Amino acid sequence: MYETSDIKKGLKITMDGAPFVVVEFQFVKPGKGQAFTRTKLKNMITGAVLDKTFKSGEKLEKADLESREMQFLYRDGPMFVFMDNQNYEQIQLSEDDIGDNKFYLLDGMTVDILMYGEKPIDVTPPTFVELAITETEPGFKGDTSGNTTKPAIVETGLKVNVPLFVTMEDVLKIDTRTGEYVERVKK
Amino acid sequence: MTSPVGRTGSASERRQMLQRRGMVLRAIRQFFDERGFVEVDTPLLVTSPGIEEHIEAFSISSKTRRRYLITSPEFQMKRLLAQGLDKIYQLSHCFRADESGVHHEPEFTMLEWYRTHQTHEMLMRDTEELVSDLAAKTKQWRSVVHSNLRGCEVNPPWVRETVDKAFVRHANVSSHELVRDEDFFRTYVEKVEPRLGEHKATFVTDWPARMASLAQINPKNPEVALRFEGYVAGIELCNGFTELTDAAEQRLRFKATNSKRKARGAPAYPLDEIFLNSLATMPPSAGNALGVDRLMMLLMGKQCIQDVMPFSNDTL
């Protein structure tokens, strides 16, 4: 259990059977009145944000969250199938659960799956992934400054802005936190 | 809602902040000195820290006795009124346990002042003059609109609105319907307080009699106390009232407050008998207590009071 004095950004709690993360908080107390902590909580499954005011001294239930290392096996329509590297148990996450992280998953890749009890709720891909280009305008060999960019699409469908010198033969290093191009990878 | 920001600022910004803090403290003293007030400095270490249902004190024990750090200099300043001083002010550190946030610190600076033979009406006028005077003297510190503090106009006269009207306007409910304190204060902090003094500084008046504390009950309306709070940009700056001078009534209120404290597992605090006795000779008076760090924060355009203090508690 947490106390209201433990509340800070990033604290993960369980409320009404769902995991929430604190995204904003403020201690409020009218001079002669009761103390409260006002919060904005994000539902870690639906992403919905709600306002919740806790009275000082109220207890908050810790969210039963655990990160497990798993391998991404394959995509089956709207479902993504993963396997726990420890016990070979398979779990599934929907496209909705995964969100934009679907653009960083390659078959066989090792990722972290966030479990809420026995329920998988989120996936964290490696910070950097290497993805091959499937679509872009021809490169300009002469331009190596990298200051001007052009659109490109990589094998997972992610659209990314790349320098003009990038060609169809290139593999790109992408930062999964921002979705941005980092550099070309020598192959 | 603003979560605490990192107590940021370069060394030169911190130096400038401390210079400005010093200037505001001097300007406050000048304001009261020019009006014939006597500056006093009463003890911080006392036998009773103030008896409020929702204010927690620090207690300090030696081998032979227990003392408390003041939560406000109220008892001692009123004893000086009983001894014959008629206009006094004090800039004092006060201590309140379990209060920590962007507008709260366990140790903070309070400006408290009293006038005998006056009511809280006069104290409201003092407050508007003081805050607008300080805002004018520091206008070059704020870039956008000089006479405003965080979008709130502070020139006199400030808006005067009853607690009940504020509840109806901002929360669509009469304060009389919120008979449980928890419901009253939950609605207050969620819906009412953030809107008070949004555009124009505001005094919220006519607090429910059960929250009278050390204020006199309105003789014309026993449901409310002669008490006000001043708000700028949703931030509570001060709390003042026409003082209760009836020792028997004050004793009953302290005892009732202590019972409520004990009922929820909080310590009861000793009754200050010397203070209670002094009420017999205290003239009719009015007083106000203003959070200096919050005012400094608004004057300097900062987001949290820790950014206008030499040291905050988490940096000790």
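Let's start right at the salt bridge between Lys55 of chain A and Glu182 of chain B: their side chains meet at 3.1 Å, N to O. Keep in mind, everyone, that this is a predicted model. How many salt bridges cross the interface of chain A and chain B? The rule finds 3. Alongside that, 9 residue pairs are in polar contact between chain A and chain B, with both residues at pLDDT 80 or more.

Now, what does chain A bring to this contact? Strands β3 (18–28), β4 (36–43) and β5 (49–55) each supply at least two residues of the side of chain A that touches chain B. Of the elements there, β3(A) gives the most, with 5 residues. By residue type, that side of chain A divides into 9 charged, 6 polar and 5 nonpolar.

Stepping back to the whole interface, 20 residues of chain A and 29 residues of chain B take part in the contact. Together the two chains bury about 2,300 Å², and 56% of that lies on carbon and sulfur atoms.

Let me finish with a sheet in chain A. It is an open sheet of 5 strands, paired antiparallel, in the order β9-β8-β7-β10-β11. Which strands sit at the edges? Those are β9 (90–94) and β11 (119–124) of chain A, each pairing on one side only. From one strand to the next, the twist averages 45°.

If you'd like to look at one pairing on your screens, take β8 (residues 79–84) of chain A, which is joined to β9(A) by 5 bridges, with the two running antiparallel. Within that pair, Phe80(A) stands opposite Leu93(A) of β9(A). Thanks, everyone!

Technical notes:
Residues numbered from 1 in each chain as written. Chains lettered and ligands numbered in written order. Predicted model: local features only at pLDDT ≥ 70, side-chain atom pairs only at ≥ 80, totals over all residues. Heavy atoms only, no water. Pairing = 2+ DSSP bridges. Helix = DSSP H or I, 4+ residues; strand = E, 2+ residues; numbered from the N terminus. Axes fitted to C-alpha atoms, helices over the stretch in contact; angles between N-to-C directions. Contact = heavy atoms within 4.5 Å. Buried area = accessible area lost by both parts, 1.4 Å probe. Salt bridge = Lys/Arg side-chain N within 4 Å of Asp/Glu carboxyl O. Polar contact = N/O pair within 3.5 Å; in protein donor to acceptor, adjacent residues only side chain to side chain. Nonpolar A, V, L, I, M, F, W, Y, C, P; charged D, E, K, R; others polar.
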